[in-house]
Amino acid sequence: MRTLIPLALIIFSCLQSNAQEMAIIGKWRNSENSHIVEIFKSKDTFSAKTLKSKDNKGINQIVIWGLKYDKEEKQWNKGEIKLTDMNHSANCYIYLKNDSTAVIIGYHGLKILGHSETYFKAESK
């Protein structure tokens, strides 16, 4: 019985960690509802593709890739984001403010000098 309690705690901890890591999966929209992305897991990294854009360009194109979940920082980092205006990519990380609000940050060099955009969980239809 004594060994079952620590084993149960380990299993619970693993399940909770996995749930936190997977919390980012789904459809997210910007505040104007003009851009919707779908974040998904592919092997051991997370990516995002465009589902809706203001000018209808880049639909189904991968716009974020290579994100890995960092349990200690509780964010997805070490990814890249496509900068369509400049035709290249920048470093990227994402963190959740809460269950329905994500902040996506693209940067070159220092994270604090990056550009951030807030996205909201899109309602499933």
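Tyr95 touches Lys74, Gln75, Trp76, Thr101, Ala102, Val103 and Ile105, once residues up to four places away in sequence are set aside. The model here is a predicted one, and Tyr95 makes a handy way into it. The residue is found in strand β6, which covers residues 88-98. Its relative accessibility is 29%, so Tyr95 counts as partly exposed; to be called buried, a residue has to come in under 20%. There is also a long reach in sequence to note here: Tyr95 and Ile24 are 71 residues apart along the chain, yet their C-alpha atoms are separated by 8.6 Å.

Stepping back to the whole chain, the secondary structure comes to 1 helix and 8 strands. In sequence order the pattern reads α-β-β-β-β-β-β-β-β, with the helix ahead of the strands. The protein has 125 residues, and 30% of them count as buried. Its accessible surface comes to about 8700 Å², with 54% of that belonging to carbon and sulfur atoms. As for contacts between residues at least 6 apart in sequence, 23% join residues at least 24 apart.

The strand pairing can be followed from β1 onwards. Strand β1 (residues 26-30) runs antiparallel to β2, and 4 bridges join the two. Within this pair, Lys27 stands opposite Glu38 in β2. The β1 and β2 hairpin has 5 residues between its strands, and there Asn33 takes a positive phi near 60 degrees.

Next comes the pairing of β2 (residues 36-42) with β3, again in the antiparallel sense, this time over 7 bridges. Glu38 turns up once more here, standing opposite Lys49 in β3. So Glu38 faces a lysine on either side, with Lys27 as its partner from β1 and Lys49 as its partner in β3. The neighbouring position gives another pair, with Ile39 standing opposite Ala48 in β3. This hairpin has 2 residues between the strands, and Lys43 takes a positive phi near 60 degrees in it.

Lys43 is not a glycine, although its phi is positive at about 60 degrees. The residue lies in the loop between β2 and β3. Its relative accessible area is 78%, which means that Lys43 is exposed, the cut-off for that label being over 50%. A similar entry appears further along the chain, in the loop between β3 and β4, where Asn56 has its place. Phi of Asn56 is near 60 degrees, again a positive value in a residue other than glycine. Asn56 has 59% relative accessibility and therefore counts as exposed.

Strand β3 also pairs with β4, in the antiparallel sense and over 3 bridges. In this pairing Phe46 stands opposite Leu67 in β4. Strand β3 spans residues 45-52, and Thr50 is found in it. With a relative accessible area of just 3%, Thr50 is buried. What does Thr50 contact, leaving aside its neighbours within four places in sequence? The list takes in His35, Ile36 and Val37, along with Gly58, Ile59, Asn60, Gln61 and Val63.

That leaves the pockets. The largest pocket has a volume of about 910 Å³. Its lining is made up of 28 residues, and the closest to the pocket centre are His35, Lys82, Thr84, Glu117 and Tyr119. His35 is thus a name that comes up twice, being also among the contacts of Thr50. Sorted by class, the lining has 11 nonpolar, 11 polar and 6 charged residues. Several strands contribute to it: β4 (62-70), β5 (75-83), β7 (101-107) and β8 (115-121) each supply at least two lining residues. The largest share comes from β7, with 4 residues.

Key
Residues numbered from 1 in each chain as written. Predicted model: local features only at pLDDT ≥ 70, side-chain atom pairs only at ≥ 80, totals over all residues. Heavy atoms only, no water. Buried < 20%, exposed > 50% of the residue type's maximum accessible area, 1.4 Å probe, protein only. Contact = heavy atoms within 4.5 Å. Areas by Shrake-Rupley, 256 points an atom, 1.4 Å probe, with all protein chains shown as cover. 1 Å grid on protein atoms, 1.4 Å probe; cavity = no way out; pocket = protein on both sides within 12 Å on 5 of 7 lines; lining within 4 Å. Points joined across faces, edges and corners; volume = space filled by probe spheres on them. Nonpolar A, V, L, I, M, F, W, Y, C, P; charged D, E, K, R; others polar. Pairing = 2+ DSSP bridges.
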